[in-house]
Amino acid sequence: MTLCKYCNGLIVFGGSRDGELRFCNDTCRQSGVLLRNASQLPVDFVQRRTRAVHEGSCPRCEGVGPIDVHTAHRVWSALLATSWSSHPAISCRRCGLKRQAGSMLFSLGLGWWGIPWGIVWTPMQVIRNFIGMVKPPPRGVPSATLERLVAMDLARQQLEQEKSGAIPPVQPPLPPPTSPPGAS
Ligand SMILES: [Zn+2]
Ligand SMILES: [Zn+2]
């Protein structure tokens with residue numbers, strides 16, 4: 001068993017591949033591309049941005065920090081089908097707890113009803129939420145996961161800028177030929 005390179009979700013079988021890297025699904029694989037770009041950003045730039053996010057206010061409730069990554073784990077089943085997933089999100093501890101508790105109840109209610117994976121995954125996801133709730137990232141310093149997500153966000157912005165640069169915007173109308181040269 002390996003862990004998803006992006007979300008740290010457990011991959012029992014299958015998943016999505018990008019060369020040597022394993023991911024739980026295509027969404028995680030696409031994020032993995034960003035991961036590679038992110039690793040090429042200047043380290044001190046990423047660390048500065050990470051600290052700013054960590055000390056900033058919660059993007060969900062606008063409450064006070066520290067802000068870090070809290071991952072909620074879910075599973076649901078329908079007879080022979082079982083679907084499990086992990087959802088990291090940047091928020092304050094309170095919002096993280098709420099999501100994890102919600103996902104725990106969701107999994108407890110809907111996880112069991114699949115054979116055989118529902119029975120395997122339900123306790124697993126419940127325990128992982130529980131661990132996340134009782135053992136949050138340390139308050140003093142941003143976690144490595146937060147730094148990774150912030151770096152990926154910067155990489156995404158960079159990629160979007162490059163994309164918009166590749167297709168130049170509509171040319172502004174030329175100034176009338178009578179305007180004096182160098183006027184600004
Ligand atoms: Zn994943
Ligand atoms: Zn919050």
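**Close-up 1. Contacts of Ser91 in the predicted model.** Leaving aside neighbours within four places in sequence, Ser91 is in contact with Cys58, Pro59, Arg60, Pro66, Ile67, Asp68, His70 and Gly96. In this predicted model, Ser91 belongs to strand 6, which covers residues 81–91. Its relative accessible area is 0%, and because buried means under 20%, Ser91 counts as buried.

**Close-up 2. The side chain of Ser91 and the backbone of Gly96.** Gly96, one of the contacts of Ser91, offers its backbone nitrogen to view here, and the side chain of Ser91 reaches this atom at 3.4 Å.

**Close-up 3. The zinc ion (ligand 2) and its protein donors.** The SG atoms of Cys58, Cys61, Cys92 and Cys95 are the protein donors of the zinc ion (ligand 2), and they lie 2.2 to 2.3 Å from it. The arrangement is tetrahedral because the four donor atoms subtend angles of 106 to 113 degrees around the zinc ion (ligand 2). Along the chain, these donors follow the spacing C-x2-C-x30-C-x2-C. Cys58, a donor of the zinc ion, is also among the residues in contact with Ser91.

**Close-up 4. Cys61 and Cys95 at the zinc ion (ligand 2).** Both residues serve as donors of the zinc ion (ligand 2) through their SG atoms. Cys61 lies in the loop between helix 2 (43–55) and strand 5 (68–78), whereas Cys95 lies in helix 3 (residues 93–110), so the pair ties together parts that are 34 residues apart in sequence. With a relative accessibility of 37%, Cys61 counts as partly exposed, while Cys95, at 9%, counts as buried.

Definitions and conventions
Residues are numbered from 1 along each chain as its sequence is written. Chains are lettered from A and ligands numbered from 1 in the order in which they are written. This is a predicted model: local features need pLDDT of at least 70, side-chain atom pairs count only at pLDDT 80 or more; totals for chains, interfaces and linings use all residues. Side-chain values use heavy atoms; hydrogens and water are left out. Helices (H or I, at least four residues) and strands (E, at least two) are DSSP runs, numbered from the N terminus. Buried means under 20% relative accessible area, exposed over 50%, partly exposed in between (1.4 Å probe, protein chains only). A polar contact is a pair of N or O atoms within 3.5 Å; within protein, one must be able to donate a hydrogen and the other to accept it, and residues adjacent in sequence count only if both atoms are side-chain atoms. Contact means heavy atoms within 4.5 Å. Donors are N, O and S atoms within 2.8 Å of the metal (3.2 Å for Na, K and Ca); water is not among the atoms, so sites may look incomplete. Four donors count as tetrahedral if all angles lie between 85 and 135 degrees; four count as square planar and six as octahedral if opposite donors are over 155 degrees apart and all others between 65 and 115; anything else is irregular.
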